[in-house]
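The following exercises are to be worked with the sequence and the coordinates at hand. Each task is followed by a solution in steps.

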Amino acid sequence: MNSKGARSFYLIPYYIWIALFVIAPIALVVYYSFFDLQGNLTLENYQNFFSSVYLRLTLSSFWYAFLVTFFSILIAYPTAYWLTKTKHKQLWLLLIIIPSWINLLLKTYAFIGIFGLYGPANKFLAAIGLGEQQILFTDFSFIFVSVYIFIPFMILPIFNSLDKLNPALMDASRDLGASSWMTFRKVIFPLTINGVKSGVQAVFIPALSLFVITRLIAGNKVITLGTAIEQQFLVTQNWGMGSTIAVFLILFMIIIMMLTGQREKGGSANGKTK
Amino acid sequence: MKSIIQATVAILVASALLLYGVSVLEKSSATTGGGSITVYNWGEYIDPELVQQFEDETNINVVYETFDSNEAMMTKIEQGGTSYDVAMPSEYAIEKMKENDLLIPIDSEKIPNLTNIDPYFLDLPFDPGNEYSIPYFWGTVGIAYNPTLLEGQTFESWDDLWDPTLKQEVILVDSAREVIGMGLNSLGYSLNSTDVSELREATDKLKTLGPNTKAIIGDEIVEMMRREEAAVALTWSGQAADMMWINENIDYSVPEEGSNLWFDNMVIPKTSSNVEGAHAFINFMLDAEVAAQNADYVGYSTPNQAAIEIMDPEVTGDERFYPPEELRERLEVYENLGLEMLGIYNELFLEFKMDMEN
């Protein structure tokens, strides 16, 4: 069989999938965003987006998504680094991945109990003499639970890029007199930046539209674009406005993908080319 | 390549086996005729034993699904897909469903138990002559509170929620009409207000409730109050009854400025594929014994006079849950304000959530 023909033949399912489940839904969302409640063609929804609560909502979503991503990197990078140094890498990695198989809602409900006034977290605080604190329904609990949920998606790509790093490069750096901090800053980090970028994509983008955690853990004191979209579709039944917010969310995602996109510059340093 | 084919075959075989298993299970549960009906109800809004009893008596298999807002329910029914046979919307939702032609008229001849219903709850403005709906439960919106966690505060007025001693103690229900309506009522306005300046005033007042607001959540309120995580909650009467069932310290009051009086009703949506079965189910739920057992379980107030007569007079004489008619006069029923207005209510609610003072 002609290999070129065979290749395009095998690609047919992929194209059908992309057309049905990626292009068609996005096209529908864009289409609906141009209609108001009465079904008239209009740009009113876009005007509304810029002149009301939605703009501030976007800013606050970005702020919280940024915090979630920031703390995820802060914890994930050292964890991933340590993982590459351990003996039973695969076992540890599995232990980190397993919780991400559990339903998001279940994990979230568990935290309602843990962070409650009479939950273990407060028992601990009381035992070390800090007294009972309101943990649930605060910014802290929101960030904590979100980071907990997203962290496997940050650890994995960073781990992969660290694991592929050629140890000879670090030896060379040390031989040439660099301190370990300098080695990290000038050699390790730049070579694993792509892992961090993939991690940011996998965390920041979903964090923009979280809405289960905002309600259950933050008591709706934190609201994101996801909350607004859900309300527009299910409560107000204003599909036009809901779609408009979704269009902006998609635009933000594209921008973030571009910013964190991986550009190939010559051969990659670890000797493998993708 | 070979292993890919092997894996594909294995998955296909496993799927076929599962499919066969499901069909066998479905057959065994629906063999005895009568077919099946799909009931679409609010969460925790029926005694599951009664569903079982209905299945045993009629041989009709019941598929039970739940929703958490009238709007979500209507959206799903409008989209079709699932053939819901019985649903339990509130009064303003019925008005809208009638408008959108989503309901099948009810044949009252097939519901002999309709005579059990207190005439006060029949022929209401949202459905004259009960052409499309049969009363299921009714209740109010008010304040559930736990005096053991408070220092003697009472809640005769909505303004009592703004008491500075209630810092971080008040939970609000995550529903635009209830919360904005409370703001309107506290200012002496109608909770069906469509006056934008009144709505703005109510929202601005609500924002000052921020320091007292612990959270804005849904059904989790019941658990929070039961476990004494919070002292005060804006909630529905039946949720308050649920809380009291477990935690006897909790009390409930409807503030005197007025509040919402609501009726949930059984309807047969256009999606129904078993209209006979739906009628049978509605009639079954109106039976005196069944309605009494259901009211005991659910905790909301039943409109079923025959059931009230056989229920514990201590329950049905409780004016917090069965307010006498003159008290009900102070309360308002939600009107269908139209989508445009609903959008404004929701945008203001969103603004309230964003701008709550801390």
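The exercises below concern a predicted model, and each solution proceeds from the general setting to the individual residues.

**Exercise 1. Determine where the confidence in chain A is lowest and highest among its elements.**

Solution. Begin with the chain as a whole: chain A has a mean pLDDT of 88, and 94% of its residues reach 70 or more. Next, compare the elements. Helix 11 (residues 225–234) of chain A has the lowest confidence, with a mean of 88, while helix 7 (residues 139–164) of chain A has the highest, at 94. Finally, note residues 265–274 of chain A, where the pLDDT is below 50; this stretch has 8 contacts in the model beyond near neighbours in sequence.

**Exercise 2. Describe the side of chain A that touches chain B, by element and by residue class.**

Solution. First, establish the extent of the interface: 25 residues of chain A are in contact with 25 residues of chain B. Second, identify the contributing elements. Helix 3 (53–85), helix 10 (212–216) and helix 11 of chain A each give two or more residues to this side. Helix 3 of chain A gives the most, with 4 residues. Third, sort by class: the side of chain A that touches chain B has 12 nonpolar, 10 polar and 3 charged residues.

**Exercise 3. Is Thr79(A) buried, partly exposed or exposed?**

Solution. Locate the residue: Thr79(A) belongs to helix 3 of chain A. Then count its neighbours. Thr79(A) has 16 other C-beta atoms within 10 Å; a buried residue needs 20 or more, and an exposed one has 12 or fewer. Thr79(A) is therefore partly exposed. As a further step, consider Phe159(A), which is 80 residues from Thr79(A) along the chain; the C-alpha atoms of the two are separated by 8.4 Å.

**Exercise 4. Assess how compact chain B is for a chain of 358 residues.**

Solution. Start with the secondary structure, which in chain B comes to 14 helices and 10 strands. The radius of gyration of chain B is 23 Å, close to the 21 Å from the globule rule for 358 residues, so chain B is as compact as a globular protein of that length. The C-alpha trace of chain B spans about 70 × 65 × 40 Å along its principal axes. Two further values complete the account: 45% of the 358 residues of chain B count as buried, and, among contacts in chain B between residues at least 6 apart in sequence, 76% join residues at least 24 apart.

**Exercise 5. Classify the packing of two helix pairs in chain B by their angles.**

Solution. Two packed helices are described by the angle and the distance between their axes. For the first pair, helix 9 (residues 275–286) and helix 10 (residues 288–298) of chain B, the angle is about 75° and the axes are 5 Å apart. An angle from 65 to 115 degrees counts as roughly perpendicular, and helix 9 and helix 10 of chain B are therefore placed in that class. In their contact, Phe284(B), Met285(B) and Leu286(B) of helix 9 meet Val290(B), Ala291(B) and Asn294(B) of helix 10. By class, this contact has 5 nonpolar, 1 polar and no charged residues.

For the second pair, the axes of helix 5 (residues 176–186) and helix 6 (residues 196–207) of chain B come within 8 Å and cross at roughly 100°. Helix 5 and helix 6 of chain B are therefore also roughly perpendicular to each other. Among the residues that meet are Val179(B), Ile180(B) and Leu184(B) in helix 5, and Leu199(B), Ala202(B) and Leu206(B) in helix 6. The class count for this contact is 6 nonpolar, 3 polar and 2 charged residues.

**Exercise 6. Establish whether helix 8 of chain B is largely enclosed, and by which elements.**

Solution. Count the buried residues: they are 8 of the 10 residues of helix 8 (residues 237–246) of chain B, so the helix is largely enclosed by the rest of the structure. They include Ser237(B), Ala240(B), Asp242(B) and Met244(B). The buried residues of helix 8 pack against strand 5, helix 7 (220–226), strand 8 (232–236), strand 9 (251–253) and helix 10 of chain B.

Methods:
Residues numbered from 1 in each chain as written. Chains lettered and ligands numbered in written order. Predicted model: local features only at pLDDT ≥ 70, side-chain atom pairs only at ≥ 80, totals over all residues. pLDDT = per-residue confidence, 0-100. Contact = placed C-beta atoms within 7 Å. Nonpolar A, V, L, I, M, F, W, Y, C, P; charged D, E, K, R; others polar. Axes fitted to C-alpha atoms, helices over the stretch in contact; angles between N-to-C directions. Parallel < 35°, antiparallel > 145°, perpendicular 65-115°, else oblique. Rg over C-alpha atoms; globule rule 2.2 N^0.38 Å.
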